[in-house]
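Subject: Structure handover

Hello,

Here is the structure for you to look through. Please open it first, then read my notes below.

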Amino acid sequence: MKKVWGLGIAMCILLSVSGEAYGQSLKDLLNSSTIKDAVTSVTGGKKLTVQNLEGTWTYTNPAVQLEGDNALKNVAGSVAAGELEKKLKTYCAKVGIIEGMFNYAFNSDSTFTNALKKKTLKGTYAIDPEEATVELKYVLGGKLKVTTLTAHVVISGDQLSLLFNADKLLDFLSKISSISDNSTLKLVNKLASEYDGMMLGFELKK
């Protein structure tokens with residue numbers, strides 16, 4: 001009931017937007033800052049700011065989002081995503097992403113650390129509040145001197161979701177973990193080729 005109630009309020013806000021929105025397409029309207037702020041407020045999500053992102057977030061589960069042009073494929077995709085999350089958890093464990101062990105710590109000075117296995121990866125970050133994204137610029141040694149990943153961010157209470165482009169995230173993880181060929185990775189890559197804009201990432205808790 002709470003979700004339905006929240007959606008009802010969001011729709012009321014949508015319908016009560018001032019006449020300035022007249023003539024806009026529905027897509028433009030839904031992307032407007034007024035609606036984004038209203039829906040964010042109703043659903044309990046927090047706006048992406050340095051203050052809200054700051055702190056240490058510890059991994060709890062992998063996250064998967066499948067998108068595609070084919071509507072029927074998307075329905076099947078919601079089922080596939082659930083199965084893929086289970087397989088991805090196995091892959092994550094192999095590369096050192098384990099519940100309670102893998103984390104991100106975001107500092108107020110735009111630096112971050114990322115605990116992975118016995119390593120502590122470091123870098124700087126920049127947020128884009130309008131797009132709800134964070135750009136992570138890793139400063140690494142060896143052949144990978146600097147690697148940049150961009151994640152879509154959702155902050156709700158003490159929960160943080162980071163979703164990355166599947167290909168870029170898998171490539172990054174395989175390089176830093178020396179694991180690049182296993183059945184789970186092949187499955188993920190196969191699905192990535194079938195679904196446009198497939199996103200993979202992490203659910204974390206503060």
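Start with one pair of facing residues: Ala151 stands opposite Phe164 in E8. Please keep in mind that this is a predicted model.

**The strands around E8**

E8 has a partner, strand E7, which covers residues 146-156. The two strands run antiparallel, and six bridges join them. One of the bridge partnerships puts His152 with Leu163 in E8. E7 and E8 form a hairpin with two residues between the strands. In that hairpin, Gly157 takes a positive phi near 65°.

E8 also pairs with E9. That pairing is antiparallel too, and it runs over seven bridges. Here Leu162 stands opposite Phe202 in E9.

How many of the seven residues of E8 are buried? Five are, so E8 is largely enclosed by the rest of the structure.

Now go to E7 again. Strand E6, residues 133-139, pairs with E7. The sense is antiparallel, over seven bridges. Tyr138 has Thr147 in E7 as its bridge partner.

Which residues of E7 make up its covered face? They are Thr147, Leu149, Ala151, Val153 and Ile155. The uncovered face has Val146, Thr148, Thr150, His152, Val154 and Ser156. Look at the numbering as you read those two lists. In a regular strand, side chains alternate between the two faces of the sheet. So two residues you have met already belong to opposite faces of E7: Ala151 is on the covered face and His152 is on the uncovered one.

**The aromatic rings**

Next, the rings. A search of the whole structure finds eleven aromatic pairs. One of them is formed by Tyr104 and Phe106. Their ring centres are 5.8 Å apart, with 10° between the planes, and the pair is stacked. Tyr104 is buried, and Phe106 is buried as well.

What kind of pair do Phe164 and Phe202 form? Their ring centres are 6.0 Å apart and their planes lie at 65°, so this pair is edge-to-face. The pair links distant parts of the chain. Phe164 is in strand E8, residues 159-165, while Phe202 is in strand E9, residues 199-205. The two residues are 38 residues apart. Both Phe164 and Phe202 are buried.

Now put those rings together. Tyr59, Phe102, Tyr104, Phe106, Phe112, Tyr125, Tyr138, Phe164, Phe172 and Phe202 form one aromatic cluster. Both pairs described above have their residues in that cluster. Tyr138, the bridge partner of Thr147, belongs to the cluster too.

**Two unusual backbone angles**

Most residues other than glycine have a negative phi. Two residues here are worth a look on that point.

Ser110 has a positive phi of about 70°, although it is not a glycine. Where is Ser110? It is in the loop between strand E3 (103-106) and strand E4 (111-116). Its relative accessibility is 29%, so Ser110 counts as partly exposed.

Ala132 also is not a glycine, and its phi is positive at about 55°. Ala132 is found in the loop between E5 and E6. It has a relative accessible area of 26%, so Ala132 is partly exposed.

**One residue at the start of E5**

Lys119 sits in strand E5, residues 119-128. Is Lys119 buried or partly exposed? It is partly exposed, with a relative accessible area of 42%. Leaving aside neighbours within four places in sequence, Lys119 is in contact with Asn114 and Ile176. Gly96 is 23 residues away from Lys119 along the chain, and their C-alpha atoms are separated by 9.8 Å.

**The whole protein**

Last, the overall picture. The protein has seven helices and nine strands. It has 206 residues, and 36% of them count as buried. Take the contacts with a separation of 6 or more: residues 24 or more positions apart account for 59% of them. The protein exposes about 12,000 Å². Carbon and sulfur atoms supply 55% of that area.

Best wishes

Methods. Residues are numbered from 1 along each chain as its sequence is written. This is a predicted model: local features need pLDDT of at least 70, side-chain atom pairs count only at pLDDT 80 or more; totals for chains, interfaces and linings use all residues. Side-chain values use heavy atoms; hydrogens and water are left out. Rings of Phe, Tyr and Trp (its six-membered ring) pair if their centres lie within 6.5 Å; planes under 30 degrees apart count as stacked, over 60 as edge-to-face and the rest as tilted. Buried means under 20% relative accessible area, exposed over 50%, partly exposed in between (1.4 Å probe, protein chains only). Helices (H or I, at least four residues) and strands (E, at least two) are DSSP runs, numbered from the N terminus. Two strands pair if DSSP finds at least two bridges between them. Contact means heavy atoms within 4.5 Å. Accessible areas come from the Shrake-Rupley method with a 1.4 Å probe; for residues, only the protein chains shown count as cover.
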